[in-house]
Amino acid sequence: MSSATEKDAQAPKPTQPLPCPVTHPAFTIKSILAAVPAYTSLVLYDTHSHIDESLLPSSFQPVTDVSKPPTRDVTRDERVLTVLNGWKNVRKVNLMSSNDTSMRRNRYLAYLPDPSNRLVIGYGVHPWYAARLETTVDAKTLVSQYLDSHPHDHSEHPFMGEIGLDKVAFHPETKEKYDWDQQFQTFKDLMRIAKEKDLCVSAHMVKTCSVLLECWKRWEDDGKLPRALVIHSYGGSNETLNDFFRIKSARERVLISFSSLINARSPTKLYNNIQATPDECIIIESDTHDHREVEKCMLEIFEIVRKVKGWTIMQAQEILWKNSIRAFGGESWEQVKKDAPDGGVPIVSEPVADQSDVDEDWVVVNGSHDL
């Protein structure tokens, strides 16, 4: 953790979750999404994104040499900073790496001259790429090289991500499922590095959370638990969540992240899983590949989580920020709130009818403050 003290990183006392499953027909995910306010001045941490793909054009390929800092493209840097400065609510974003290409791009962004350090970089190999890296070295060697070359004077430490396991996805050309043995070996290798380097892990787990649960029990017995592990866009069962959080070490180190982009496709499951996740173990993400969608996606999932949990706007910001920095590090809640416009007190507009315009329409209608 870079600047937050242990006290700063403690989430407020959890509230009691509402009963599961959903019994109130008027209180649904769809109704929440239909009336997301156009906030300004929120303090949000997007813990999982792939926006390197839109911040840098596909034609831009930074030099692979990891022994020295990448050569800067001033014009390109200015364009990226313009994007970051245009966000009204998102103060920090995690960038995931999936393969060698995205690790090169994210390493370039790690050296971005941004005084606010809004981009936090992850290095890893996604399970879809575990058996098809376009390099001559294996995943653990490749990821270690990038982690070791991360700028040491950067105030934000890197993390391990995106890694994980997937029993459902298949190769788009061969139509065959990705090789399980290769996935599992790569996952174990990278988890070992995360433990050795004391890194948080952002994990993709599709139909494999029960496998992760068994792994967790073995890691605990062997004294090899990671600093923290985030299951991103969690889509597993309510029962698996309950099984996880019966384990004391999991409740202390495992965080569950939700996104509207993925999880709102199954609204009842999303509702139940938010309720089943302890307050101190929940965070949010955009999971988008498009920087133009970051604010819209984050406002949606922020509103969903806070309403399902029964939190005020200020409570939700504080709990989610503190949970995020407990895993990934970053400025304390007190510091980031102090630095935010309006002291972290959001301005709330009327609900936006067309949600596709949320990130472009920031006209304050009534100027009210919902505390």
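A polar contact is a pair of N or O atoms within 3.5 Å; within protein, one must be able to donate a hydrogen and the other to accept it. I kept this criterion at hand while going through the model, which is a predicted one.

**Entry 1: Ser149**

I looked up Ser149 and found it in helix 5, residues 139-149. I asked which side chain is joined to that of Ser149 by a polar contact. The partner is Arg107, and the contact is 2.9 Å long. I also noted that the side chain of Ser149 reaches the backbone oxygen of Tyr146, at 3.1 Å. Setting aside neighbours within four places in sequence, I listed Val66, Arg107 and Tyr111 as the residues in contact with Ser149. The relative accessible area of Ser149 is 9%; the cut-off for a buried residue is under 20%, so Ser149 is buried.

**Entry 2: Helix 4**

Arg107 led me to helix 4, where Arg107 is one of the buried residues. I recorded that ten of the eleven residues of this helix (residues 100-110) are buried, so the helix is largely enclosed by the rest of the structure. The buried set comprises Asp100, Ser102, Met103, Arg104, Arg105, Asn106, Arg107, Tyr108, Leu109 and Ala110. I then asked what these buried residues pack against. They pack against helix 2 (52-55), helix 3 (74-86) and helix 5, and also against strand 2 (90-95) and strand 3 (119-123). At the start of helix 4, I found a side-chain oxygen of Asn99 within 3.2 Å of the backbone nitrogen of Thr101.

**Entry 3: Ser233**

I next examined Ser233, which is placed in the loop between strand 6 (228-231) and helix 8. Is Ser233 buried or exposed? Its relative accessibility is 10%, so I entered Ser233 as buried. Neighbours within four places in sequence aside, Ser233 is in contact with Ser257, Phe258, Ser259, Ile262, Asn263, Glu285 and Asp287. For Glu285 I noted a C-alpha to C-alpha distance of 7.7 Å from Ser233, at a sequence separation of 52 residues.

**Entry 4: Two helix pairs**

Two packed helices are described by the angle between their axes and the distance between the axes. I looked up both quantities for two pairs.

For helix 7 (residues 209-222) and helix 8 (residues 238-245), the axes come within 10 Å and cross at roughly 10 degrees. I therefore entered helix 7 as roughly parallel to helix 8. Helix 7 contributes Cys209, Leu212, Leu213 and Trp216 to the contact, and helix 8 contributes Thr240, Asp243 and Phe244. By class, I recorded five nonpolar residues, one polar and one charged.

For helix 12 (residues 294-309) and helix 13 (residues 313-328), the axes come within 10 Å and the crossing angle is roughly 105 degrees. Helix 12 is therefore roughly perpendicular to helix 13. Here Phe302, Val305 and Arg306 of helix 12 meet Ile313, Ala316, Gln317 and Leu320 of helix 13. The contact of helix 12 with helix 13 has five nonpolar residues, one polar and one charged.

**Entry 5: The whole protein**

I closed with totals. The secondary structure comes to 14 helices and eight strands. Of the 371 residues in the protein, 57% are buried. Among contacts with a separation of 6 or more, I noted that 81% are between residues 24 or more positions apart. The protein exposes about 16100 Å², of which carbon and sulfur atoms supply 50%.

Definitions and conventions
Residues numbered from 1 in each chain as written. Predicted model: local features only at pLDDT ≥ 70, side-chain atom pairs only at ≥ 80, totals over all residues. Heavy atoms only, no water. Axes fitted to C-alpha atoms, helices over the stretch in contact; angles between N-to-C directions. Helix = DSSP H or I, 4+ residues; strand = E, 2+ residues; numbered from the N terminus. Parallel < 35°, antiparallel > 145°, perpendicular 65-115°, else oblique. Contact = heavy atoms within 4.5 Å. Nonpolar A, V, L, I, M, F, W, Y, C, P; charged D, E, K, R; others polar. Buried < 20%, exposed > 50% of the residue type's maximum accessible area, 1.4 Å probe, protein only. Areas by Shrake-Rupley, 256 points an atom, 1.4 Å probe, with all protein chains shown as cover.
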